[in-house]
Amino acid sequence: MSDSRPTVPPGAPEFENRDPNAPGFWDERFERGYMPWDQAGVPASFKAFVERHAPMPVLIPGCGSAYEAWWLAERGWPVRAIDFAANAVEAARAQLGAHADVVEVADFFTYQPPFEPGWIYERAFMCALPPSRRDEYVARMAALLPVGGLLAGFFFIGATPKGPPFGIERAELDALLAPHFELTEDEPVNDSIAVFAGRERWLTWRRRGATKA
Ligand SMILES: C[S@@+](CC[C@H](N)C(=O)[O-])C[C@H]1O[C@@H](n2cnc3c(N)ncnc32)[C@H](O)[C@@H]1O
């Protein structure tokens, strides 16, 4: 039987907010410094992807502390990082320093970026959303990306009875994305933090030409 209440690992503090669809859920966790998803750095697969591409406009939804936004901004890439939790954006601004203006408070499902993204970076965002929002996630990604645009990053594979993180079966992920995207890269990840270890893949999906949601 499925249960959408968040998993509370042993030793985790008790939280008031139990709805990951609400900014307050994430605000509370940032405020209390409980962020088991936070890598405190830039993953190797991300760096490698950046190295093999020319600069293009990048959108980072559900950015959290936004280490990757700093990495891109330092290299002169156009980047916007968004998060609907004000405390996440505050953490990101502190981390971004001189690049703090690349992050803003916004809800991914209504946000209109100031550019047409060439790449939307995924890390621990899809798995932060309750599974009931997956269709909406894919539709929004498809609407934001032009034909040939890339949805690339880390996907948390394997269904979880509770979340976040809400893992997804690989076949379900492929079926969700295939109508709008073609898979062009599928690689293992070797530097996952504990909460994602052994269950992350780096996937690159290219926006197909046939439909625009
Ligand atoms: C698990 S955290 C991951 C943060 C970051 N991507 C990372 O890898 O450290 C998920 C983040 O998504 C944000 N989030 C969830 N739903 C959102 C939405 N609809 N729009 C924007 N941000 C959202 C949360 O506030 C939270 O900071």
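**A guided reading of the predicted model**

Ala 40 sits in the loop that runs between α1 (23-31) and α2. The structure described here is a predicted model, and this loop residue is a suitable place to enter it. The phi angle of Ala 40 is near 55°, which is a positive value in a residue other than glycine.

The next element along the chain, helix α2, covers residues 44-51 and contains Phe 46. This residue introduces the aromatic pairs of the model, of which there are 18. In one of them, the ring centres of Phe 46 and Trp 119 are 5.4 Å apart and the planes meet at 35°; the pair is therefore tilted. To be called tilted, a pair must have planes that are neither under 30 degrees apart, which would count as stacked, nor over 60, which would count as edge-to-face. The two partners belong to distant parts of the chain: Trp 119 is in strand β4 (residues 119-122), and 73 residues separate Phe 46 from Trp 119.

Attention may now turn to the ligand. Around the ligand there are 19 residues, and those that come nearest are Gly 62, Asp 83, Asp 107, Phe 108 and Arg 123. Sorted by character, the shell around the ligand consists of 14 nonpolar, two polar and three charged residues. Three of the nearest residues can be followed to individual atoms. Gly 62 takes part through its backbone, where a polar atom is 2.7 Å from a nitrogen atom of the ligand. Asp 83 takes part through its side chain, with a polar atom 2.6 Å from an oxygen atom of the ligand. Asp 107 likewise offers an N or O atom of its side chain, at 3.0 Å from a nitrogen atom of the ligand. How much of the ligand's accessible area does the protein cover? On its own the ligand has 600 Å² of accessible area, and the protein covers 97% of this.

The protein also contains an enclosed space. One cavity of 30 Å³ or more is counted, and the volume of the largest cavity is about 90 Å³. Which strand gives the largest share of its lining? Strand β5 (residues 150-156) does so, with three residues. The lining includes Phe 154, Phe 155 and Phe 156, and among its other members are Glu 122, Met 126, Arg 134, Phe 166 and Glu 200. By class, the lining of the largest cavity holds nine nonpolar residues, three charged residues and no polar ones.

Beyond β5, the chain enters a loop that leads to α6 (170-177), and Pro 164 is placed in this loop. The peptide bond from Gly 163 to Pro 164 is cis, with omega near -5°. Pro 165 lies in the loop between β5 and α6 as well, and a cis peptide bond with omega of about 0° joins Pro 164 to Pro 165.

Key
Residues are numbered from 1 along each chain as its sequence is written. This is a predicted model: local features need pLDDT of at least 70, side-chain atom pairs count only at pLDDT 80 or more; totals for chains, interfaces and linings use all residues. Side-chain values use heavy atoms; hydrogens and water are left out. A residue is near a molecule or strand if one of its heavy atoms lies within 4 Å of it. A polar contact is a pair of N or O atoms within 3.5 Å; within protein, one must be able to donate a hydrogen and the other to accept it, and residues adjacent in sequence count only if both atoms are side-chain atoms. Accessible areas come from the Shrake-Rupley method with a 1.4 Å probe; for residues, only the protein chains shown count as cover. Ala, Val, Leu, Ile, Met, Phe, Trp, Tyr, Cys and Pro count as nonpolar, Asp, Glu, Lys and Arg as charged, and the others, Gly among them, as polar. On a 1 Å grid over the protein atoms alone, a cavity is a set of points where a 1.4 Å probe fits but cannot get out, and a pocket is an open set with protein on both sides within 12 Å along at least five of seven lines; lining residues have an atom within 4 Å of a point. Grid points are joined across faces, edges and corners, and a volume is the space filled by probe spheres set on the points. Helices (H or I, at least four residues) and strands (E, at least two) are DSSP runs, numbered from the N terminus. Rings of Phe, Tyr and Trp (its six-membered ring) pair if their centres lie within 6.5 Å; planes under 30 degrees apart count as stacked, over 60 as edge-to-face and the rest as tilted.
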